[in-house]
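Me: Please take a close look at one part of this model. Start with the contacts it makes, then work inward through its residues.

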Amino acid sequence: MFKKFSAKEDIHSRTNVKSSVQRGLKLKLIEQFPKLENVIDEIIPKKGQLVVIKCTDKLSLYAMDNEVLFYQHFDDPFVPSLKLIHKFADCFPSVTVDRGAIKFILSGANIMCPGLTSKGAALPDENLPAGTVVAILAEGKETALAVGKLIMDTDEIKKVNKGIGIEVGTHLGDGLWSLEVE
């Protein structure tokens, strides 16, 4: 999604978010990511000014203190930025891919099921439904290298082991990672 993202060409407008809208946004984020409840005021402080940045293709970036926290495409689920995941890794569901998938993910490829079920990869014990936003870790690495959305639930990925398992939204080094919000 952010492979060829450019701040000059893709960003259309920036607007400060009203405090009432900001409170509603916090509730939606907690509903989607329940583990954020204890740190949501640290991520989006009550006195802080959240900014929504409207981009091409109905993409909205939510930023605070010149850093993108989340993005949303149309009315899809919110997707945390990698920088936010690096700060609050325990608050988001995650999967681990094998070493062989790393170079493909960093070039923007989606993640195939065998990359999630092979030796070195790991899916969570509890079943995550399709559509869940997950942090993507790599075998032997401590921080996430990408964020994506499950195409099928994790039990189905284990059973079918064919096709695309995760649609990657953003990865290390893409346009969102290097975006400087001013």
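**Domain 1 and its contact side**

Reply: In this predicted model, 16 residues of domain 1 are in contact with 17 residues of domain 2. The domain assignment places domain 1 at 7–86 and domain 2 at 89–171. Their C-alpha centres are 23 Å apart.

Take the interface by area. About 1200 Å² is buried between domain 1 and domain 2. Carbon and sulfur atoms give 77% of that area. On the domain 1 side, Leu-82, Ile-85 and His-86 stand out: they supply 43% of the area that domain 1 buries against domain 2. No other three residues supply more.

Now the polar side of the account. The rule finds zero salt bridges across the interface of domain 1 and domain 2. Polar contacts do cross it: two residue pairs, both at pLDDT 80 or more.

Which elements give two or more residues to the side of domain 1 that touches domain 2? They are strand E4 (67–73), strand E5 (79–80) and helix H4 (82–87). H4 gives the most, with four residues. By class, this side of domain 1 has 12 nonpolar residues, two polar and two charged.

**Two salt bridges**

How many salt bridges does the rule count? The count comes to two. Side chains of opposite charge can pair when their charged atoms come close.

One pair joins the side chains of Lys-87 and Glu-67, at 3.0 Å from N to O. Lys-87 sits in helix H4 and Glu-67 in strand E4, 20 residues apart, so the pair links distant parts of the chain. Both elements also appear in the list for the side of domain 1 that touches domain 2. Lys-87 counts as exposed because its relative accessible area is 53%, over the 50% cut-off.

The other pair is Asp-41 with Lys-26. Their closest N and O atoms are 2.8 Å apart. This pair too links distant parts of the chain: Asp-41 is in helix H3 (residues 40–43), Lys-26 in helix H2, with their positions 15 residues apart. Helix H2 runs over residues 19–32.

Is Lys-26 buried or exposed? Lys-26 is buried: its relative accessible area is 9%, which is under the 20% cut-off. Asp-41, at 40% relative accessibility, counts as partly exposed. Leaving out residues up to four places away in sequence, Lys-26 touches Ile-40, Asp-41, Ile-44, Pro-45 and Lys-46. So the salt-bridge partner Asp-41 is also among the residues that Lys-26 touches.

**A buried strand residue**

Next, Val-51. Val-51 lies in strand E2 (residues 51–55). Its relative accessibility is 15%. That is under 20%, so Val-51 counts as buried.

What does Val-51 contact beyond its neighbours within four places in sequence? Val-51 is in contact with Arg-14, Thr-15, Asn-16 and Val-17, and also with Leu-61, Tyr-62 and Ala-63. Strand E3 spans 59–64, and Leu-61, Tyr-62 and Ala-63 are among the contacts of Val-51. Arg-14 is 37 residues from Val-51 along the chain. Even so, the C-alpha atoms of Val-51 and Arg-14 are separated by 6.6 Å.

**Two loop residues with positive phi**

Most residues other than glycine have a negative phi. Two loop positions here merit a check of the backbone.

The loop between E2 and strand E3 holds Asp-57. Asp-57 is not a glycine, yet its phi is positive, at about 60 degrees. How accessible is Asp-57? Its relative accessibility is 62%, so Asp-57 counts as exposed.

The loop between E4 and E5 holds Phe-74. Phe-74 also has a positive phi, near 50 degrees, in a residue other than glycine. Phe-74 has a relative accessible area of 49% and is therefore partly exposed. The cut-off for exposed is over 50%. The strands on either side of this loop, E4 and E5, are both listed for the side of domain 1 that touches domain 2.

**Back to the interface**

To close the loop on domain 1: its side towards domain 2 has 12 nonpolar residues, and carbon and sulfur atoms give 77% of the area buried there. The interface has zero salt bridges by the rule and two residue pairs in polar contact.

Key
Residues are numbered from 1 along each chain as its sequence is written. This is a predicted model: local features need pLDDT of at least 70, side-chain atom pairs count only at pLDDT 80 or more; totals for chains, interfaces and linings use all residues. Side-chain values use heavy atoms; hydrogens and water are left out. Domain bounds come from an automatic or database domain assignment. Contact means heavy atoms within 4.5 Å. Buried area is the accessible area (1.4 Å probe) that two parts lose on being put together, summed over both. A salt bridge is a side-chain nitrogen of Lys or Arg within 4 Å of a carboxyl oxygen of Asp or Glu. A polar contact is a pair of N or O atoms within 3.5 Å; within protein, one must be able to donate a hydrogen and the other to accept it, and residues adjacent in sequence count only if both atoms are side-chain atoms. Ala, Val, Leu, Ile, Met, Phe, Trp, Tyr, Cys and Pro count as nonpolar, Asp, Glu, Lys and Arg as charged, and the others, Gly among them, as polar. Buried means under 20% relative accessible area, exposed over 50%, partly exposed in between (1.4 Å probe, protein chains only).
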